[in-house]
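Thanks for coming, everyone. I'll keep this short. Please bring up the sequence and the model on your screens.

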Amino acid sequence: MNWVIQQEYANSPEARAILQAAMLGSDWVVRVGTDDLDDFPNVHSADVPVGSVEFVQAYADRVGVMLPAPVDYPDDLRPYLDRIVRQAPLSDARRGDFVKPVGAKQFSVIRGYDPASPPDRVPSDTPCWISGPIEFGAEYRFYVLGGEVLGWAQYDNGRECGMSQYDLTRVDSMIAAWRGQPSAWALDVGRLPGGHLALVEVNDAWATGLYSGALRVREYAEWLSVRWSEIRQSP
């Protein structure tokens with residue numbers, strides 16, 4: 001396996017995990033700066049990029065791979081939202097709303113929108129996901145490979161609540177509900193005041209970070225590489 005790690009991202013948990021995984025095997029790793037990517041020789045679509053969303057997008061363009069658009073809220077999983085999430089222009093957001101751009105990384109997620117302070121240089125007609133205020137307790141990310149949970153971790157700074165068998169069964173039901181899911185992806189869930197888990201969002205593996213304690217380094221490397229291989233072979 002060959003890996004191309006973004007130089008500016010070299011100290012990230014994701015890059016460190018890939019470096020460790022490479023040391024345990026016979027993988028080849030190279031670091032390249034974002035500004036140097038266009039001039040970097042001998043890149044191939046089979047080499048797996050590791051870095052920011054912007055870096056992976058630039059790398060995909062460089063090797064002629066079409067990245068899939070963000071999914072965020074698959075129709076099959078909407079029953080697990082426990083709230084109304086609608087797609088609308090930024091101008092439709094009201095004070096206190098949760099606002100997330102439909103396009104990857106157009107601006108950071110806003111919890112508690114203030115119409116008087118919209119994101120800088122973002123057009124008012126920018127497509128967004130908008131929902132009313134919601135307060136999650138503990139939030140968790142489940143890493144899914146081939147329709148099965150590979151590992152998970154809590155990713156917020158709230159109180160650790162743990163996972164009951166009921167929680168894990170609910171997570172399994174969410175995973176099973178998504179027809180046509182990619183080979184590798186992340187399911188983010190949060191605990192509501194009533195105690196049960198609701199869908200926060202889903203993330204494609206190519207644009208998803210690694211949280212501490214969720215996966216062993218070789219598991220993370222497999223998770224990334226399986227999804228990248230699927231993407232580059234897609235018609």
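Where does glutamate 14 lie? Glutamate 14 lies in helix 1. Helices here are DSSP runs of H or I with at least four residues, strands are runs of E with at least two, and both are numbered from the N terminus.

A word on the source before we go on. This is a predicted model, where local features need pLDDT of at least 70, side-chain atom pairs count only at pLDDT 80 or more, and totals for chains, interfaces and linings use all residues. Residues are numbered from 1 along each chain as its sequence is written, and side-chain values use heavy atoms, with hydrogens and water left out.

Now the sheet beside helix 1. Strands 2, 1 and 3 form an open sheet in the order 2-1-3, with parallel pairing. Two strands pair if DSSP finds at least two bridges between them. At the edges are strand 2 and strand 3 (48-50), and each pairs on one side only. Neighbouring strands are turned by 25° against each other on average, direction ignored.

How many bridges join strand 1 to strand 2? There are five, between residues 2-6 and residues 28-32. Within strand 1, tryptophan 3 stands opposite valine 29 in strand 2. Strand 1 is joined to strand 3 by three bridges. There, isoleucine 5 stands opposite valine 50.

Helix 1 packs on this sheet and touches strand 1, strand 2 and strand 3. Its direction makes about 150° with that of strand 1. Axes are lines fitted to C-alpha atoms, for helices over the stretch in contact, and angles run from 0 to 180 degrees between N-to-C directions. Strand 1, helix 1 (residues 13-24) and strand 2 make a right-handed β-α-β unit. Right-handed means this: with the strands pointing away from the viewer, the path from the first strand over the helix to the second runs clockwise.

Back to glutamate 14. Which residues does glutamate 14 touch? Leaving out residues up to four places away in sequence, they are Tyr9, Val50, Gly209, Leu210 and Tyr220. Contact means heavy atoms within 4.5 Å. Glutamate 14 is buried yet has no salt bridge. Buried means under 20% relative accessible area, exposed over 50%, and partly exposed in between, with a 1.4 Å probe and protein chains only. A salt bridge is a side-chain nitrogen of Lys or Arg within 4 Å of a carboxyl oxygen of Asp or Glu. The nearest side chain of opposite charge is arginine 141, 6.8 Å away. For charge, Lys and Arg count as positive, Asp and Glu as negative, and His and the chain ends are not counted.

So what does arginine 141 pair with? Its side chain meets that of aspartate 188 in a salt bridge, at 2.8 Å, N to O. Arginine 141 lies in strand 8 and aspartate 188 in strand 10, so the pair ties together parts that are 47 residues apart in sequence. Arginine 141 and aspartate 188 are both buried.

That takes us to the second sheet. Four strands make an open sheet in the order 9-8-10-11, and the pairing is antiparallel. Why is one side of strand 9 (148-154) and of strand 11 (197-204) left without a neighbour? Because both stand at the edges, each with a single partner strand. The twist averages 25° from one strand to the next. Seven bridges join strand 8 (residues 139-145) to strand 10 (residues 184-191). In one of them, glutamate 139 has glycine 190 as its partner.

Helix 4 (residues 217-233) packs on this sheet and touches strands 8, 9, 10 and 11. Helix 4 also lies across strand 1 and strand 3, at about 125° to strand 3.

More charge pairs. The count comes to 13 salt bridges. One of them joins arginine 227 and aspartate 204, at 2.7 Å, N to O. This pair links helix 4 to strand 11, 23 residues apart. Both residues are buried. Another joins aspartate 75 and arginine 78, at 3.8 Å, N to O. Aspartate 75 counts as exposed because its relative accessibility is 64%. Arginine 78, at 28%, counts as partly exposed.

Last stop: alanine 153, in strand 9. Is alanine 153 buried or exposed? At 6% relative accessibility, alanine 153 counts as buried. Its C-alpha atom is 6.5 Å from that of tyrosine 211, 58 residues away along the chain. Its contacts beyond four places in sequence include Glu139, Arg141 and Tyr211.

That's my tour. Questions, please.
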